[in-house]
Amino acid sequence: MYVFAKGLLDAGFAVTFIQDRKDNFPHSQPVWEDVECFFRSGFDYQNIDWDSFEKDNSWVKPFWYFKPSIAINGEREIFRKSPIFWPIKFVACRYLRKRPESLAIFETMKSCDFLIVSGIDASILAMLSGKPYMVFPHGSDMRVAIGAETAGTGWNARILEALLVYAFKKAACIGSQLPDASAEVSSREYKRLKDMRVDRVPLSYLPHDRLSRKIRRERLKTLFKKIDIDLVEADFYCFTPSRINFYWKGHDRLFEAINQNREILKIHFIFLGWGDDYQQAMAYVDQHDLHRYITVIPIFCSKQMLFRFFEAVDVIIDEFNGSGSYGTGLSEAMSRSCPVITWISDMFDKPGWEAPPVIQARSKEEISEAIVKVSNGEIDLDDWSMKTAAWFNRVHSNAAVKQVVNEKFGHYLDAGRL
């Protein structure tokens with residue numbers, strides 16, 4: 001939501017962003033989007049004090065950033081002010097009793113003309129506010145709404161699921177940059193909301209032209225020097241920004257493809273040292289003596305540092321499993337006109353959607369073919385960079401997203417704010 005808010009602000013909209021601290025993971029913190037830093041592998045994110053981190057990194061909240069205050073028994077005031085039918089708001093307010101920041105969020109939502117919300121609590125509060133709103137699912141909220149996941153066990157969980165379904169039904173739209181809105185299951189598996197429509201609403205980023213090969217090399221060397229690691233000489237550099245995960249990402253097939261083609265590859269592969277299979281990946285590199293071809297950097301990067309990598313490498317490898325969609329990593333890499341090797345399914349083959357141009361690969365054989373063709377020049381990365389930049393400008397640029405938002409929600413926003 002913070003990325004969305006920044007993009008909408010740059011596109012000319014008046015924006016209020018409401019802080020949500022329930023998830024302590026770095027990717028959920030606005031400061032992590034704005035600073036350039038890293039944690040060493042093995043850090044304990046559960047015990048990070050983000051207020052202190054913000055001060056230590058001299059991060060100043062934007063003027064449009066709202067930090068909700070705590071109010072005891074705030075749900076009573078929400079019940080009094082909510083225009084929603086009383087049995088629904090009664091049940092919803094009972095759920096909100098353990099969330100003392102809810103009243104401040106509710107009051108701020110009511111001061112806006114249109115709401116964009118993500119997550120279970122935010123969707124329920126938006127419904128209670130009586131304001132028009134779009135739900136922009138992040139994943140688990142969508143899966144709970146359609147019945148692919150549960151909110152827990154017992155009667156309280158069933159009530160929460162019913163509230164979320166009601167909030168989805170009352171939304172002005174369900175928006176996403178993905179046709180499945182991050183459900184990651186076939187519509188045939190929906191237990192609820194089987195006829196739900198997903199409108200295309202991409203996240204916006206500022207596009208950047210691709211840097212020259214010479215400047216990319218200089219910047220990559222600078223990055224490695226900052227981390228205090230030697231950069232192995234190679235003709236091409238490939239970066240995998242996501243966590244190392246064999247089940248969800250399919251990176252085991254990538255490691256095997258690199259090992260299988262090691263004698264003919266002119267690529268050096270760079271991984272970040274975090275994820276469920278990080279240690280297993282390190283062991284594989286050691287076992288097969290792949291240090292000439294693979295560097296696993298033992299760090300976890302902030303977004304601005306990730307952008308420095310996207311600018312400095314020749315190609316990105318994303319993931320090969322899942323539903324064949326794409327996430328923020330691919331979007332952010334493509335904002336720097338960087339070509340991407342990944343698997344995109346046919347989910348975009350429907351009116352109004354456009355799949356990102358990627359070098360397609362999924363099986364170990366396809367991954368091998370892709371990296372060998374990059375290595376021998378049969379795949380022209382400069383040509384793929386131009387295709388990437390053109391698609392990104394059509395779909396994810398601030399101007400493109402502004403047009404989408406105006407077309408879908410402009411009648412709510414005349415002289416108003418999100």
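This briefing describes the sheet, one helix, the aromatic pairs and one buried alanine of the structure above. The model is predicted. Six strands form an open sheet with parallel pairing, in the order S10-S9-S8-S12-S13-S14. The aromatic pairs come to a count of 33.

**The sheet as a whole**

- Strands of a sheet pair through backbone hydrogen bonds, and the pairing is either parallel or antiparallel.
- In this open sheet of six strands the pairing is parallel.
- The edges are taken by S10 and by strand S14 (359-360); each has a single partner strand, so one side of each is left without a neighbour in the sheet.

**Strand S8 and its partners**

- Strand S8 covers residues 236-240, and five of its five residues are buried, so the strand is largely enclosed by the rest of the structure.
- In a regular strand the side chains alternate between the two faces of the sheet.
- In S8, Phe236, Cys238 and Thr240 point one way, while Tyr237 and Phe239 point the other way.
- S8 runs parallel to S9, and five bridges join the two strands.
- Within this pairing, threonine 240 stands opposite phenylalanine 271 of S9, and cysteine 238 stands opposite phenylalanine 269 of S9.
- S8 also pairs with strand S12 (residues 315-317), in the parallel sense and over two bridges.
- Cysteine 238 has valine 315 as its bridge partner in S12.
- Cysteine 238 thus takes part in both pairings, with phenylalanine 269 in S9 and with valine 315 in S12.

**Strand S10 at the edge**

- S9 and S10 run parallel and are joined by four bridges.
- Phenylalanine 269 has isoleucine 294 as its bridge partner in S10.
- S9, H13 and S10 together make a right-handed β-α-β unit.
- Strand S10 (residues 294-297) is covered on both faces: Ile294 and Val296 are buried on one side, and Thr295 and Ile297 are buried on the other.
- S10 therefore has both faces covered, although one of its sides is left without a neighbour in the sheet because S10 stands at an edge.

**Helix H4**

- Helix H4 spans residues 74-81, and its buried residues include Gly74, Glu75 and Ile78.
- These three residues cover an arc of only 100° around the axis, which puts them on the same side of H4.
- The face of H4 turned away from this buried side carries Arg76 and Arg80, which are exposed.
- The buried residues of H4 pack against three helices: H5 (86-95), H6 (102-110) and H7 (120-129).

**Aromatic pairs**

- There are 33 aromatic pairs by the rule used here.
- Tyrosine 205 and phenylalanine 392 form one of them: their ring centres are 6.3 Å apart and their planes stand at 45°, so the pair is tilted.
- Tyrosine 205 lies in the loop between strand S7 (198-200) and helix H10 (213-227), and phenylalanine 392 lies in helix H17 (residues 381-395), so the pair ties together parts that are 187 residues apart in sequence.
- Both tyrosine 205 and phenylalanine 392 are buried.
- Tryptophan 274 and phenylalanine 300 make an edge-to-face pair, at 4.6 Å centre to centre and 85° between the planes.
- Tryptophan 274 lies in the loop between strand S9 (267-272) and helix H13 (278-287), and phenylalanine 300 lies in strand S11 (residues 299-301), so this pair ties together parts that are 26 residues apart in sequence.
- The relative accessibility of tryptophan 274 is 17%, so it counts as buried.
- Phenylalanine 300 is buried too, with a relative accessible area of 1%.
- Ring pairs also link these two residues into a cluster with Phe25, Trp32, Phe39, Phe43, Tyr45, Trp50 and Phe53.

**Charges over rings**

- The charged end of arginine 213 sits over the ring of phenylalanine 236, 6.0 Å from the ring centre.
- The charged end of arginine 362 sits over the ring of tryptophan 343, 3.6 Å from the ring centre.

**Alanine 370**

- Alanine 370 is part of helix H16 (residues 364-375).
- With 4% relative accessibility, alanine 370 counts as buried.
- Apart from neighbours within four places in sequence, alanine 370 is in contact with Ile341, Ile359, Ala361 and Ile379.
- Serine 187 is 183 residues from alanine 370 along the chain, and the C-alpha atoms of the two are separated by 31 Å.

Definitions and conventions. Residues numbered from 1 in each chain as written. Predicted model: local features only at pLDDT ≥ 70, side-chain atom pairs only at ≥ 80, totals over all residues. Heavy atoms only, no water. Phe/Tyr/Trp six-rings, centres within 6.5 Å; stacked < 30°, edge-to-face > 60°. Buried < 20%, exposed > 50% of the residue type's maximum accessible area, 1.4 Å probe, protein only. Lys NZ or Arg CZ within 6 Å of the ring centre and 35° of its normal. Pairing = 2+ DSSP bridges. Right-handed = clockwise from strand over helix to strand, strands pointing away. Arc of directions from axis to C-beta. Contact = heavy atoms within 4.5 Å.
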